[in-house]
Each structure stands twice: as structure tokens, then as C-alpha cells.
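Trainee: I would like to work through this model with you. Can we start with the ligand and then turn to the backbone?

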Amino acid sequence: MLNIVIFGAPGSGKGTQSDNLIREYGLYHISTGEVLRDHISRATKLGVIADRYISKGNLIPDDLMVSVLEDVLDSNPEKTARGVIFDGFPRTIDQAVALNDMLARRGTLLHAVIGLEVDEDQLMNRMLLRGKETGRADDNPVTIKQRLEVYHRQTCPLRDYYIAEGKYLPINGNNSIDAIFEDIKKALAPIVSK
Ligand code: AMP
């Protein structure tokens with residue numbers, strides 16, 4: 001079993017590298033952003049609430065986000081058996097603590113955090129391009145700026161948190177998609193072989 005967090009700023013390539021990780025290790029992918037966008041498109045009660053935060057580039061409150069993640073884990077027990085790749089969660093220290101608790105209650109743990117480290121100017125360019133290509137609503141200049149500010153203020157401290165836990169694997173995310181994935185596989189090798 002392999003539980004991984006893929007960590008990085010918005011636009012750092014978490015979704016792209018998650019696709020590679022799913023293929024290579026057969027992990028179940030949970031992207032909290034995708035879960036929320038699905039609720040927004042179906043206009044569920046959660047979707048209506050989430051949209052208020054996402055459209056402004058702000059984070060959904062921790063207690064709500066933790067309960068959303070618990071629901072996803074509980075509704076997919078067979079799919080999560082080989083392990084999970086958590087994409088976009090945690091985004092705060094409180095969420096990281098909740099994730100450790102959540103996994104411990106299920107008799108498992110977080111094995112590694114892949115930290116995609118990308119230069120700021122690349123992040124902005126990638127998100128603007130994605131906005132054009134996919135029509136993703138929060139990939140517009142004003143919301144991107146706010147998301148990057150929120151990342152630096154609320155999410156960046158997690159890097160030190162996971163370094164202290166000895167779980168952080170820094171990856172240069174400025175390279176090509178294939179080169180980044182080679183680095184990820186190398187970094188994970190000692191953990192996978194255990
Ligand atoms: P993402 O697709 O991961 O970039 O997430 C898109 C948006 O969903 C974020 O800007 C937040 O508004 C919201 N979101 C996703 N994951 C979380 C989370 N773990 N905590 C709070 N808000 C989140």
C-alpha cells in the first residue's frame with residue numbers, strides 16, 4: 001500500500017503527474033479540486049457553497065473539506081486498497097493533521113509527499129494556458145493571483161511540516177513532464193521497495 005500526497009502551488013503540474021503515478025503504481029486518485037468542481041457542475045448543496053470560495057480563489061473551510069475527503073474515502077474502500085494519491089489535499093496544517101488521523105483510523109499512514117517546486121512565472125503562464133485550453137473558470141488572472149497568495153500564506157508552511165516528518169521529497173517541477181516523472185520515480189524507489 002502506498003499513500004502519497006502530491007504537493008505544490010496551483011499550476012505546478014499535480015494533476016499531470018498524478019496521471020503518471022496512477023498508471024505506474026495503480027493508485028486511486030483523489031483530487032479535492034475535481035471533487036468540488038463536479039459538485040459545482042451538478043449544483044449540489046456542497047457545490048453552491050464551494051463555488052463561493054473557489055470563484056474568489058480562496059480555500060474551502062477546513063472542517064467542510066475534511067468531511068468531504070472522509071466521504072470520498074469511505075465510499076470507495078475497494079478502490080483505495082492499493083493506496084491513494086491525494087492531489088490538492090492537504091492545503092493547511094490543520095488538514096495535514098486531519099489526514100494523518102484519518103489514515104491512522106483506517107490502519108494506514110502517509111508514506112511520502114512529492115513536492116513539485118516550480119518557478120513563479122511558470123506557474124502563472126501554465127494556469128493562463130490551461131484556462132484558455134479547458135475553460136476552467138478560476139484560471140483567470142485575478143483569481144490566479146489570489147490563489148498564489150493563498151498558497152504562499154496558508155499552504156506553503158506544509159512544506160516545513162512534511163520536511164520535519166521526514167516525508168518531503170523535493171522535485172524540480174520546471175523540467176519536461178517526462179523528466180519530472182523520472183525524478184519522481186527515483187525519489188519514490190526506496191519507499192516502494194520497502
Ligand atoms: P485545485 O483543483 O486543487 O487547484 O483546487 C481548486 C480550488 O478548490 C482551490 O483554489 C480551492 O478553492 C478549492 N480546494 C481544493 N482543494 C482544497 C482543499 N484541500 N482545501 C480547501 N480548498 C480546496
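Trainee: Which residue offers a polar backbone atom to a nitrogen atom of the ligand, 2.9 Å away?

Mentor: Bear in mind that the model is predicted. The contact to look for uses the backbone, not a side chain. A nitrogen atom of the ligand lies 2.9 Å from a polar backbone atom of Gly88.

Trainee: Which residue places a polar side-chain atom 2.9 Å from a nitrogen atom of the ligand?

Mentor: Here the protein partner is a side-chain atom. Pairs of N or O atoms count as polar contacts within 3.5 Å. At 2.9 Å, the residue is Gln95.

Trainee: And which side chain has an N or O atom 2.9 Å from an oxygen atom of the ligand?

Mentor: Now the ligand partner is oxygen. The distance is 2.9 Å and the side chain is that of Arg37.

Trainee: How much of the ligand's accessible area does the protein cover?

Mentor: On its own, the ligand has 480 Å² of accessible area. The part covered by the protein is 96%.

Trainee: Which element gives the most to the shell around the ligand?

Mentor: The shell has 15 residues, with Thr32, Arg37, Asn58, Gly88 and Gln95 the closest. By type, it divides into six nonpolar, five polar and four charged. Four residues come from one element, residues 32-41, and that is helix 2.

Trainee: What volume does the pocket that holds the ligand have?

Mentor: The ligand sits in the largest pocket. The volume of that pocket is about 1100 Å³.

Trainee: Which residues are closest to the centre of the largest pocket?

Mentor: The lining counts 48 residues. They divide into 18 nonpolar, 19 polar and eleven charged. Closest to the centre are Pro10, Gly11, Lys14, Arg130 and Arg136.

Trainee: Which helix gives the most to that lining?

Mentor: Several elements supply at least two residues each, including strand 1 (4-8), helix 1 (14-25) and helix 7 (141-155). The top contribution is six residues, from helix 6.

Trainee: Where is the cis peptide bond?

Mentor: Most peptide bonds are trans. Look in the loop between strand 3 (84-87) and helix 5 (93-105), the place of Pro90. Omega is about 0° for the bond that joins Phe89 and Pro90.

Trainee: What is phi of Ala43?

Mentor: Most residues other than glycine have a negative phi. Ala43 sits in the loop between helix 2 and helix 3 (45-54). Its phi is positive, near 50°.

Definitions and conventions: Residues numbered from 1 in each chain as written. Predicted model: local features only at pLDDT ≥ 70, side-chain atom pairs only at ≥ 80, totals over all residues. Heavy atoms only, no water. Near = heavy atom within 4 Å. Polar contact = N/O pair within 3.5 Å; in protein donor to acceptor, adjacent residues only side chain to side chain. Areas by Shrake-Rupley, 256 points an atom, 1.4 Å probe, with all protein chains shown as cover. 1 Å grid on protein atoms, 1.4 Å probe; cavity = no way out; pocket = protein on both sides within 12 Å on 5 of 7 lines; lining within 4 Å. Sits in = over half its atoms within 2 Å of the grid points. Nonpolar A, V, L, I, M, F, W, Y, C, P; charged D, E, K, R; others polar. Points joined across faces, edges and corners; volume = space filled by probe spheres on them.
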